[in-house]
Amino acid sequence: MVNPWVALEPGADPAQRAGAIRRAHDAFTTGQAGTPGSGGRPDPTGSSVRSVVADSWRRSARARVSPDGTAPVELSDDDLDAYRAEHPLARVMPLFRDLMGTFAMDGEHLLAVCDAQGRLLWVEGHTAARRRADRMNFVPGAAWSESAVGTNAPGTAVAVDRPVQVFAAEHFNRTVHTWTCAAAPVHDPHSGRLLGAVDITGGNRLAHPHSLAFVQAVARAAESQLALLGPPPAASRTAPAVELRALGLDEAVLTAGGRTLRLSRRHSELVVLLACHPEGMTGDELLVALYEDEHTTPVTLRAELSRLRRALGDGLLHSRPYRLTAPVTADFDTVLRHLAGGSPAAAVTAYRGPLLPSSRAPAVLRLRDRVDGQLRAALLARRDPELLSTWTGSPWGAEDLEAWAALAAVLPQGSPRAPLVLQRVRELDAEQSGFPVR
């Protein structure tokens with residue numbers, strides 16, 4: 001492919017390509033595709049699957065997404081209305097409608113806008129297309145992140161912070177195989193923070209480079225409009241910057257206003273989640289994100305938040321929704337930004353271990369898997385001996401058979417390290433397969 005982010009180049013046969021991708025998807029989701037040294041993990045290979053899609057399938061599988069699942073609706077009714085009204089992208093919805101509304105209606109497509117977590121905020125367009133989309137919960141308030149439904153244009157665009165087109169069976173979820181979509185991320189032009197993505201969704205007629213270029217242009221127009229509008233009133237208040245370190249630590253360390261505070265484990269989880277959601281989270285969202293036990297009551301959560309507010313001081317935590325009032329620089333977000341910018345070496349340098357390694361909070365687990373999965377995938381793709389050596393020499397990479405096998409494959413011929421690396425590959429392969437080392 002000339003452009004790996006485009007699903008079909010001009011002149012390609014959509015039906016033929018869709019069939020090849022569907023066969024690869026079936027093999028991957030049923031565990032029939034694999035590579036030596038992968039520890040039994042399925043691995044999409046071959047020219048039928050673009051690397052961006054294969055990487056996304058792997059992330060989806062690591063997040064234990066079902067290819068036959070349904071997108072959960074996380075925001076509805078008043079909660080959705082209030083959240084949309086306060087969201088920064090609400091300011092450019094008129095622009096999105098002006099630029100894309102007629103195109104969506106005439107082409108029987110949908111215009112969709114999601115937040116930085118992949119939750120759909122607006123879904124508009126042709127009536128018949130909306131009825132079809134309703135049947136798979138492609139509706140406002142539904143979670144379409146990769147960790148919720150797997151590979152899809154809006155969810156993948158915010159996951160990798162790149163414009164991307166997803167065609168037919170490239171979608172991880174089988175219910176979406178009749179659709180094609182293209183999405184581009186939108187950033188706050190003042191802070192660079194990811195706000196969400198704008199998406200065009202429809203049939204195979206969208207399987208053309210022009211649709212990706214179109215949403216890219218719309219996203220850039222939205223960022224220009226936001227720059228002209230200036231920061232929203234809430235963002236214009238001066239507030240002390242907050243630094244958060246949570247990689248490799250069970251208890252996160254927060255620095256604000258010259259004061260350093262070691263947080264409790266539960267408070268660490270709360271601050272990590274709120275740092276990921278600068279727009280704020282409702283109490284119900286925090287309950288689902290934090291507690292494995294679905295019977296945990298809102299009273300328990302409110303008590304924790306009250307204690308956290310006292311610990312933070314200086315008005316750093318507000319409610320309705322719960323949010324931090326100052327911008328946060330988080331070490332895990334630094335790693336993700338380096339990866340999105342194509343700098344795995346900088347990401348490895350910034351990485352200090354798994355995010356809150358003892359946490360079992362569902363949303364923290366997903367974020368931990370996302371950071372580790374993206375970093376690991378970037379290292380395997382780059383095939384740099386020094387980066388792979390750094391990874392395998394760390395406590396978190398010491399048992400990674402695939403990384404050791406990749407290191408063995410890229411070491412220069414005659415390297416004195418090769419025998420030791422190959423021995424480690426044999427040891428890990430034996431441990432993970434249950435056979436003794438020979």
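Q: What makes the largest cavity a cavity, and what is its volume?
A: The largest cavity has a volume of about 40 Å³. It is called a cavity because, on a 1 Å grid over the protein atoms alone, it is a set of points where a 1.4 Å probe fits but cannot get out. The points are joined across faces, edges and corners, and the volume is the space filled by probe spheres set on them. A search of the whole structure finds one cavity of 30 Å³ or more. The model is predicted: local features need pLDDT of at least 70 and side-chain atom pairs pLDDT 80 or more, whereas totals for chains, interfaces and linings use all residues. Residues are numbered from 1 along each chain as its sequence is written, and side-chain values use heavy atoms, leaving out hydrogens and water.

Q: Which residues line the largest cavity, and how are they classed?
A: Met136, Phe138, Trp144, Asn152, Pro154, His171, Val176, Cys181 and Thr201 form the lining, each having an atom within 4 Å of a point. Six are nonpolar, three polar and none charged; Ala, Val, Leu, Ile, Met, Phe, Trp, Tyr, Cys and Pro count as nonpolar, Asp, Glu, Lys and Arg as charged, and the others as polar.

Q: Why is the pair of phenylalanine 138 and tryptophan 144 called edge-to-face?
A: Rings of Phe, Tyr and Trp (its six-membered ring) pair if their centres lie within 6.5 Å, with planes under 30 degrees apart counted as stacked, over 60 as edge-to-face and the rest as tilted. The centres here are 5.1 Å apart and the planes meet at 75°, so the pair is edge-to-face. By this rule the count comes to six aromatic pairs. Phe28, Trp57 and Phe172 form one aromatic cluster.

Q: Why are phenylalanine 138 and tryptophan 144 called buried?
A: Buried means under 20% relative accessible area (1.4 Å probe, protein chains only). Phenylalanine 138 is at 4% and therefore counts as buried; tryptophan 144, at 2%, is buried as well.

Q: How do you know that the charged end of arginine 132 sits over the ring of tryptophan 179?
A: The rule asks for CZ of Arg (or NZ of Lys) within 6 Å of the ring centre and within 35 degrees of the ring normal. The charged end of arginine 132 is 4.1 Å from the centre of the ring of tryptophan 179, so the distance limit is satisfied.

Q: What makes leucine 80 buried, and which residues does it touch?
A: The relative accessible area of leucine 80 is 7%, so it is buried. Leucine 80 touches Leu75, Leu121, Pro140 and Gly141, not counting residues up to four places away in sequence; contact means heavy atoms within 4.5 Å.

Note on methods
On a 1 Å grid over the protein atoms alone, a cavity is a set of points where a 1.4 Å probe fits but cannot get out, and a pocket is an open set with protein on both sides within 12 Å along at least five of seven lines; lining residues have an atom within 4 Å of a point. Buried means under 20% relative accessible area, exposed over 50%, partly exposed in between (1.4 Å probe, protein chains only).
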